[in-house]
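Me: Hello! I am new to this structure and would like to learn how to read it, one feature at a time. Could you walk me through it?

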Amino acid sequence: MRPTMKDVAAEAGVALKTVSRVVNNEPGVNAATADRVRAAIERLGYSRNESARVLRQGRTSSIGLVIEDVGDPFYSGVSRAVEDVAIRHGSLVLSGSSAEEPARERELVLTFCARRVDGLIVVPAGADHSYLRSELAAGTPAVFVDRPAGEGIDVDTVLCDNRGGARMATAHLLAHGHRRVAFLGDSPAIFTAGERERGYREALGDLVDERLISMAHPTLERVRADLDRMLGMDDPPTALFTGNGRMTTTVLRALAGRRIALIGFDDFELADLLTPGVSVVAQDPAGLGRVSAELLFRRIAGEGGPAERVQLPVTLIPRGSGEIPPGG
């Protein structure tokens, strides 16, 4: 038979309430007594009945995290920061990757809700989040990170300054004499990709040439074809702005040694060790994860108020690739 908390109390020679305080990490138990209770727990092999605790407290001490791809360094940074905050709150993180598929996002979110998570952090893959209305109405808090929720869903949102960062990157190239600047971004359906394209356009103004803009999933074949087309023009670009870390690394492979000014949105591993080092606009994935998780746990704790929209700053890191002069 599975040992109970009452069995632990008898084994340790303490009151049942004392065992409860030790098990739940509550104050009010002196160190020697707590050690005696823990020793009894170990001898008996006692483990807390989570189902019963959930029924009593109405909480599972778990949150759901939906990201695009756990293998992407950017999203692994977000995930790690969320876990760090969750650990401080004594909570478990259940996570899954949507792979940019709205149906998979919906499936993951509703699966986490069925497991009665205390809250959700979502990097949305789609634009329709009406499926969340009943969960939000039932009191499950949610924070959307990196991209906002779809129309009609009023939840906390944590973003980085995508448009401002793109303006900053493009202005950096303009300041170094470039007037033919190409933009290679991800799918235009992705919020961050669209915002970065807008920032690029705002910085270039009348210098925008639609032939120098490509927006699609960053496969090597597609990027290589785009670069061959652009660089083969009579008036080719002298500089490239890439819309995310995956695009930047794909462009570097596709260039195959061709020298051109380059600046990317998102920092990436070894960017500083290349020759020249790759200039980037760096956002803070750990900051996105940390701020999102802290905001979620405030909501779980019952802090009310209107939904917040937090925008985190980005940083320009010049390393040389963006400073190559036209024709350099």
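Me: Let me start with a small detail: in strand 12, which residue is the bridge partner of Ala282?

Reply: Welcome! Please keep in mind that this is a predicted model. The bridge partner of Ala282 in strand 12 is Thr315. That pair belongs to a set of 3 bridges between strand 10 and strand 12 (residues 315–317), and these two strands run antiparallel.

Me: What does strand 10 pair with in the parallel sense?

Reply: Strand 10 pairs in that sense with strand 9 (residues 261–265), over 3 bridges. To find one matching position, look at Phe265, which stands opposite Val281 of strand 10.

Me: Which way do the residues of strand 10 point, and are they buried or exposed?

Reply: Strand 10 covers residues 279–282, and its residues point two ways. Ser279 and Val281 point one way, while Val280 and Ala282 point the other way. All four are buried, whichever way they point.

Me: How do I read the sheet as a whole: in what order do its strands come?

Reply: Read a sheet by listing its strands from one edge to the other. Here 6 strands form an open sheet in the order 7-6-8-9-10-12, with mixed pairing. Strand 7 (213–215) and strand 12 are the edge strands, each pairing on one side only. On average, neighbouring strands of this sheet are turned by 15 degrees against each other, direction ignored.

Me: How many bridges join strand 8 to strand 9?

Reply: There are 4 bridges between strand 8 (residues 239–242) and strand 9, and the two run parallel. As an example, Ala239 has Ala261 in strand 9 as its bridge partner.

Me: What is the pairing in the sheet with the order 2-1-3-4-5-11?

Reply: The pairing there is parallel, and the sheet is an open one of 6 strands. Its edge strands, each pairing on one side only, are strand 2 (92–97) and strand 11 (309–312). From one strand to the next, the twist averages 15 degrees. For a look inside this sheet, take strand 4 (residues 142–145) and strand 5 (residues 156–160), which run parallel and are joined by 3 bridges. Phe144 has Thr157 in strand 5 as its bridge partner.

Me: Now the helices. Which residues of helix 1 are buried?

Reply: With a helix, ask where the buried residues sit around the axis. In helix 1 (residues 5–12), the buried ones are Val8, Ala9 and Ala12. They lie on the same side of helix 1 because they cover an arc of only 100 degrees around the axis. Lys6 and Ala10, on the other side of helix 1, are exposed.

Me: Where are the backbone oddities? For instance, which residues does a cis peptide bond join?

Reply: For this one, look at the omega angle. A cis peptide bond joins Thr275 and Pro276, with omega at about -5 degrees. Pro276 is in the loop between strand 9 and strand 10.

Me: What is the phi of Ala99, and where is this residue found?

Reply: Phi of Ala99 is near 55 degrees, a positive value in a residue other than glycine. Ala99 is in the loop between strand 2 and helix 6 (102–114). With a relative accessible area of 48%, Ala99 is partly exposed.

Me: And Asp146: is it buried or exposed?

Reply: Asp146 counts as buried, at 4% relative accessibility. Asp146 also has a positive phi, of about 80 degrees, although it is not a glycine. Its place is in the loop between strand 4 and strand 5.

Me: Last topic, the pockets. How much space lies in the largest pocket?

Reply: About 470 Å³ of space lies in the largest pocket. Next, see what lines it. There are 24 lining residues, and those nearest the centre are Asp72, Phe74, Gly245, Arg246 and Asp266. By type, the lining divides into 7 nonpolar, 6 polar and 11 charged residues.

Me: Which helices each supply at least two residues of that lining?

Reply: Those are helix 5 (73–88), helix 9 (191–204) and helix 11 (245–255). Try finding each of them in the view.

Terms used: Residues are numbered from 1 along each chain as its sequence is written. This is a predicted model: local features need pLDDT of at least 70, side-chain atom pairs count only at pLDDT 80 or more; totals for chains, interfaces and linings use all residues. Side-chain values use heavy atoms; hydrogens and water are left out. Two strands pair if DSSP finds at least two bridges between them. Axes are lines fitted to C-alpha atoms, for helices over the stretch in contact, and angles run from 0 to 180 degrees between N-to-C directions. On a 1 Å grid over the protein atoms alone, a cavity is a set of points where a 1.4 Å probe fits but cannot get out, and a pocket is an open set with protein on both sides within 12 Å along at least five of seven lines; lining residues have an atom within 4 Å of a point. Grid points are joined across faces, edges and corners, and a volume is the space filled by probe spheres set on the points. Ala, Val, Leu, Ile, Met, Phe, Trp, Tyr, Cys and Pro count as nonpolar, Asp, Glu, Lys and Arg as charged, and the others, Gly among them, as polar. Buried means under 20% relative accessible area, exposed over 50%, partly exposed in between (1.4 Å probe, protein chains only). The arc is that of the directions from the helix axis to the C-beta atoms.
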